[in-house]
Every structure is written in structure tokens, then in C-alpha cells.
Amino acid sequence: MGHNSCNILSSAILVFTLFILISSCDKSDPPSETEPGKIIFHFTHFNDGENLEYDTMKYTNAAGNNYLVNEIQYFISDVKLHNSDGGVKLIDEWNDIYYVDTDIESTQSWQVYDPIEPGNYEKISFTFGISEEKNQSLMFLNPPERDMFWPEFLGGGYHYMKLNGKWFAEDEVVKPFNFHLGIGQVYSGGVIEPDSITGFIQNYFEVELPASSFSISEGEIINFEIRMNVKNWFNNPHVYDHDEWGGDIMQKQDAMKLGCDNGQEEVFSIHELLLISPPGK
Amino acid sequence: MMNWKIGKLKRWNDGNSGKNYCIHLFPVFLLILLSFSSCNKTNKPEPFEPTPYEIEIPYGFPTQLNIPEDNPMTVGGVELGRTLFYDGRLNGRSHPDSMMSCATCHQQEHSFEIGTSRPHPFGITGNPTHHAMLPMINLVWNPGYFGWNGGVGTIEEDVLGVISDPTEFDSSPEKVLGTIKSIPGYKELFVNAFASKEITIDKIAKALAQFVRTLISANSKFDKYMRGEVQLSPEELRGFVLFTTEEGADCFHCHGGFGNPLFTTNKFYNNGKDSVFTDPYDRYFVTGDPMDKGAYKATTLRNIEFTGPYMHDGRFETLEEVIDFYSHDLINTPQIDPLMHHIANGGIQLTPNEKSNLIAFIKTLRDEEFLSNPNFSSPTEFP
């Protein structure tokens, strides 16, 4: 009797101990029955059909300005997948503002955390810049996003984009330009002084990527390239002339308006990349 | 739960068939022991653990600190570093005329640089350093680009460089280590810092780096303005507007502001000082990119009024000279940074009144608490 009870007891303790070992040292979840799809966005920068070359005065815009590009830094936010039944999925809602920097390779690839439900999607859209509701000062305390802050006097929050370069000006001098987009200001009496500001203009805009319908199946990983055609910031529908607007435009709403209008037309496009991505990568 | 199990086993051993129970229960007992040894180490006596040093993040400052994983901050490490920082025997020499510590040049009243008394500081041999000094201020937020050209990756690496640099300590790790080891009182400080009596040159560098990482300035008038505690004067406010507007002086793209209270991006720019670049130790020296010729770090503007002379070569003695340069004397070259968009006009073209306002704002970055904080000062006693 005593021996049997010992066996039962020892077995019970053995089971209990194994349970403790497993439950305390192994937290892995059981495998899910259906495997969702995954999306990876790759941000690339072009001038028409060619990969952008930096610091080379080889480009010409519609105004006839010869120019070079030194660096581009920008935010896109609220990336949405629109499915065929009218539903919209906001990607990575908990981290919905994404920073891209041509000098920082790690920012040029965004592995979307959210699982993507298999099915057909009609289009992809995003906000260029940051919406008024979300564009709050001091929300980015760490670099590199921090260095995009937009001064309080000019509306606060963050730059939507810094596109820095140089152009060969009409007086035959190479001059820097800072094509910076963000919150615009309304100045009374045409006096460009912070004391004259009577209001602010939210210049962020939505981009609906053309030809962005796609299907994703169970476990599929799709690599999308979101391509910026730099030239079109200056070409269409408005001709943006660096000689007219000069080196800085943060306090020139008319110039930023041209840029933002152009940004909605043919600057961004999407392409599916045929990359072989191992699962989980 | 552990006591409960032990109690049960003891009771069973008290019975008549204790031996059998032991045989049957031995593997179970072993498993239980294993379960605790694999997941819980509380059974062993705890070794001495140095007290961690916590850095409080000031309002608006970055939350990411650059503290190497192999050199966690400890209260003892900071105290050891502070003692070494001010100890004249640190350079491994013992003659009273040849002793030198970090504090010989990094003086608290000058925001831990030397000020204008020695535009080009020189070390023990009298040879001048390659560049003017940079202040030691808020370096715990430097992302790993130390010095004017960003060629030094960590403070620890910088310390080791100073020891051997002929323009600074002109010593050797062996001499420094030998001297510090020969001072009996240091053993206890190393134990408090690193839980070990062993003294190494790496630990000396780590302790110094820990102390330097505590040198935080975050209580200037501008900080108080950010926190809503004070208002800036009309002149200072006009200067702040100039500082942060493109049509004004446009300092903020490189030097920060409300959104970046470090008042530096810690990035490198060719700011239009020269037409020919002869300094072999500019940013180009580090990157090899020809566009980086003549580029240097944008220094923090905190306590800048105490850290002249200015620029990498100390060419300007006063803030007024610096503002005049940015206002009228910029030189356009292919390497000029695109952010210097006022270059076509030779500069930002400030009026005398605007210059005065701008300097008034820059002086709101004066942090007198930093300059006199006793935690940053020399200890009263040395080992």
C-alpha cells in the first residue's frame, strides 16, 4: 500500500515537475491553423526610369533647372489596404508613421508586422507626411525622426519631407535648395514674419498608388517596391522653378502647395518585387 | 512552493520505509532540483552586485542612451570615474610638475573644455592638439560619432586614445595602469564599480566613460521655458524666432531647437568656412567621401558662451565673430552642405539688432547648474 502510494505520488510529482519545467521555460504559442500573408515594403528613389544618383548635377526639371539631389528624408503614414468588399485595413496601426531616409539603409525596408488576411485587395493608399491629428511636437524624441521637427513658430510637429540638393541657378551659380514640405503658414499683409502669421495650412495629402491591386494567399510574402520619382516633384501638374522659389520654402506656402499638388501625381508608384523571402523574414 | 516540497520530503523520510521512498523519489528530487537550477538561481548566495546608476531622462530629451552593453552604469563606476577624472596621477607620471588628469583641460567652468585661455590646447609635451576642444556635455546621447570628425566610436575608445596621444597624455596604458595599481585605495573603488579588485586599463576607461555620461545639462533658461516654468524676454524670443526660421538665421536644421533640445544633430556639415580644405582630419578622413571634405560636427550650443574659441580650428574667439561669419562671410564650394541655402548671399545677412537678439537667445542655453554641480566637481579626497 505504502509502496503503491509512493509510486502514485512520485508519478504525480514527476508530471507536476515536467509541467513546471515546460510552462516556465517554454512560452512558445501553439502553431496557428491558418497562416496569414506578410508584406514587406521597399522604398526606392528614381529619376524617371533610373535609380537616383546622388550629388551629381545630371538632372533637369520641366523648368529647365539643372539639379542634383543630396538626400531625401520623409514620412509616410496611415498605410491602408482597401479590399474588394470595401473594407479598409490600416497597417501597423500602433506604429503608423514610417520614416524613410536615403542615407539610412535600414529605413528603406519596412517589414509590416501585421498579418495580412489572404484575399484580393483593390488598392493601397497612404498619407504623405502626417495628418493634423497625429502631427504632434515632441512625439519623436530620438533620431533620426527627431531631426525632422518643424519649428513651433511655423506650425510645430514634423517636416513631411526634406529633399535637399543644389541647382545651377540662372546667374550661373550652383546654389543649395531645401525642398522642405510641412505645415504652411498664412501671413497677413504678405509680410513673412512669424508675428504676421494668422493661421496654418495642413499640407499633408493622401496618395492612392496607381495599379496597386493585388492578391495574397495563405503564407505568402509579397515584397512591394514603393518608388519615388523625384523629378515629378517639380514637373507635373505644376512646373516648379528653383530660380523662382529659391533655396528655402518652409515659409512659402505657395511653393509648398505646388510641391504637394505634384506629390499627388506620378511621384509615387508601386511595383511587386520578385524576391524569394524565407518565411519569417 | 519550494518550502512546501522540502517539508513533504522530510515527513516522508520520517516513515518506516524511508529507504525505499528515497530510492523512488531520488529521480523526482533530482528533477525538482533541475527545474529550479534551470529557471531560478535564488538558492545560491548572491554575489556582490554594484548598485546600478540610473540616468533620468530630462523633458524633451531622447529616451535612447548610448551606453555600451559591456559597460553598464553603476554608482561605484561613476564615483571611480569621477575620482580618476580629477586625479593628476592618471597620466602615469608622479613628478608634481608632470601630473595630468582629464580635468587639466576639461574644466567644469568651461563646460568641460578649456576655454579661450588656450585656443589650441596642448598636452604634457606642449604639442598642440589637432583641433580645438569640444565640450563634454550630454555625450550620453552622442550616437557614436565622437570628436570633430566623428572618428571615435565610444568614450571608452577616446580615453584610451588620450593616454597614448603625444598631444595629450603622451603616456602608455602600462604606465597608467602601473600607477593606478600602485595606489592602494583604488582597489576598493574598483570593487564598488565592477565587483572585482582587478584593475585593468579597460576598467579605467570604462569608469571614466561612466562619469562622462553623467555630465548632463538640462536646466538652462531654455529648458525651463520648454517646461513652461519661465518666459523668455522679448529679445530672447525674437532670437529664438530667428534661430528656428528659414527666412531668419535658420540655425535649427543643424543645431536643433524645441524638437531637439540637445542643440546638435551630432551630424557633420561643410558650413562654408574655407575654399581649400587642408586639414587632414576632417569628416572626409573618416568616410573617404569627397563631399565630406571640410565637414565637421555641428557642436552643441549648450553653454556655448563658455566654450570658445569656436570652429574646429578655434578661428573665432567670440560668439559675435561666429554670428558675423554666418551672416556675411560664407564661402561657396562644391562641398558646401545644401542646408547652407543662404550661401548665395554670402550668409544670413542679419542686421546688428538681429545679431544681438540671436546671441541673447543662444545665451538662454547657459546652464549654470551644470557648471557648478558638485556631482561633476573634483572629489575632496583621493585614494
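The paragraphs below describe chain B of a predicted model, with one feature of chain A included for company.

Chain B is built with 14 helices and two strands. Of its 383 residues, 43% count as buried. Among contacts in chain B between residues at least 6 apart in sequence, 67% link residues that are at least 24 apart. The domain assignment divides chain B into domain 1 (2-39), domain 2 (75-217 + 372-376) and domain 3 (221-366). Domain 2 is thus given in two segments, 75-217 and 372-376.

The meeting of domains 2 and 3 of chain B offers a good starting point. Taken over C-alpha atoms, the centres of these two domains of chain B are separated by 28 Å. Contacts between the domains involve 24 residues of domain 2 and 22 residues of domain 3 of chain B. By class, the side of domain 2 of chain B that touches domain 3 of chain B comprises nine nonpolar, 13 polar and two charged residues.

Attention can now turn to a pair of helices. Two packed helices are described by the angle between their axes and the distance between the axes. In chain B, helix H4 (residues 155-164) packs with helix H7 (residues 201-213) at an angle of about 120 degrees, and their axes lie 8 Å apart. Because of this angle, H4(B) is oblique to H7(B). The crossing in which H4(B) passes H7(B) is right-handed. On the H4(B) side, the residues that meet H7(B) are Ile155(B), Glu156(B), Val159(B) and Leu160(B). Their counterparts in H7(B) are Ala205(B), Lys206(B), Leu208(B), Ala209(B), Val212(B) and Arg213(B). By class, this contact of H4(B) with H7(B) has seven nonpolar and three charged residues, with no polar ones.

Ala195(B) belongs to the loop between helix H6 (186-194) and H7 of chain B. Although Ala195(B) is not a glycine, it has a positive phi of about 60 degrees. Ala195(B) is partly exposed, because 14 other C-beta atoms lie within 10 Å.

A second positive phi, of about 55 degrees, occurs at Asn303(B), again not a glycine. Asn303(B) sits in the loop between E2 and H12 of chain B. With 24 C-beta neighbours inside 10 Å, Asn303(B) counts as buried. The loop between strand E2 (296-297) and helix H12 (319-328) of chain B also holds Pro309(B). Pro309(B) is joined to Gly308(B) by a cis peptide bond, with omega about 0 degrees. Chain A has a cis peptide bond from Asn236(A) to Pro237(A), where omega is near 5 degrees. Pro237(A) is placed in the loop between strand E15 (221-229) and helix H2 (242-245) of chain A.

Finally, Phe243(B) deserves a visit. Phe243(B) lies in helix H9 (residues 234-243) of chain B. Phe243(B) is buried, because 24 other C-beta atoms lie within 10 Å of its own, and 20 or more suffice for that class. Leaving aside residues up to four places away in sequence, Phe243(B) touches Gly248(B), Ala249(B), Cys251(B), Phe252(B), Gly257(B), Leu358(B) and Phe361(B). One of these partners, Gly257(B), is 14 residues from Phe243(B) in sequence, and their C-alpha atoms are 8.1 Å apart in space.

Definitions and conventions: Residues are numbered from 1 along each chain as its sequence is written. Chains are lettered from A and ligands numbered from 1 in the order in which they are written. This is a predicted model: local features need pLDDT of at least 70, side-chain atom pairs count only at pLDDT 80 or more; totals for chains, interfaces and linings use all residues. Helices (H or I, at least four residues) and strands (E, at least two) are DSSP runs, numbered from the N terminus. A residue is buried if 20 or more other C-beta atoms lie within 10 Å of its own, exposed if 12 or fewer, and partly exposed in between; C-beta atoms are placed from the backbone. Two residues are in contact if their C-beta atoms, placed from the backbone, lie within 7 Å. Axes are lines fitted to C-alpha atoms, for helices over the stretch in contact, and angles run from 0 to 180 degrees between N-to-C directions. Angles under 35 degrees count as roughly parallel, over 145 as roughly antiparallel, 65 to 115 as roughly perpendicular and the rest as oblique. A crossing is left-handed if the near helix is turned anticlockwise from the far one by less than a right angle, and right-handed if clockwise. Ala, Val, Leu, Ile, Met, Phe, Trp, Tyr, Cys and Pro count as nonpolar, Asp, Glu, Lys and Arg as charged, and the others, Gly among them, as polar. Domain bounds come from an automatic or database domain assignment.
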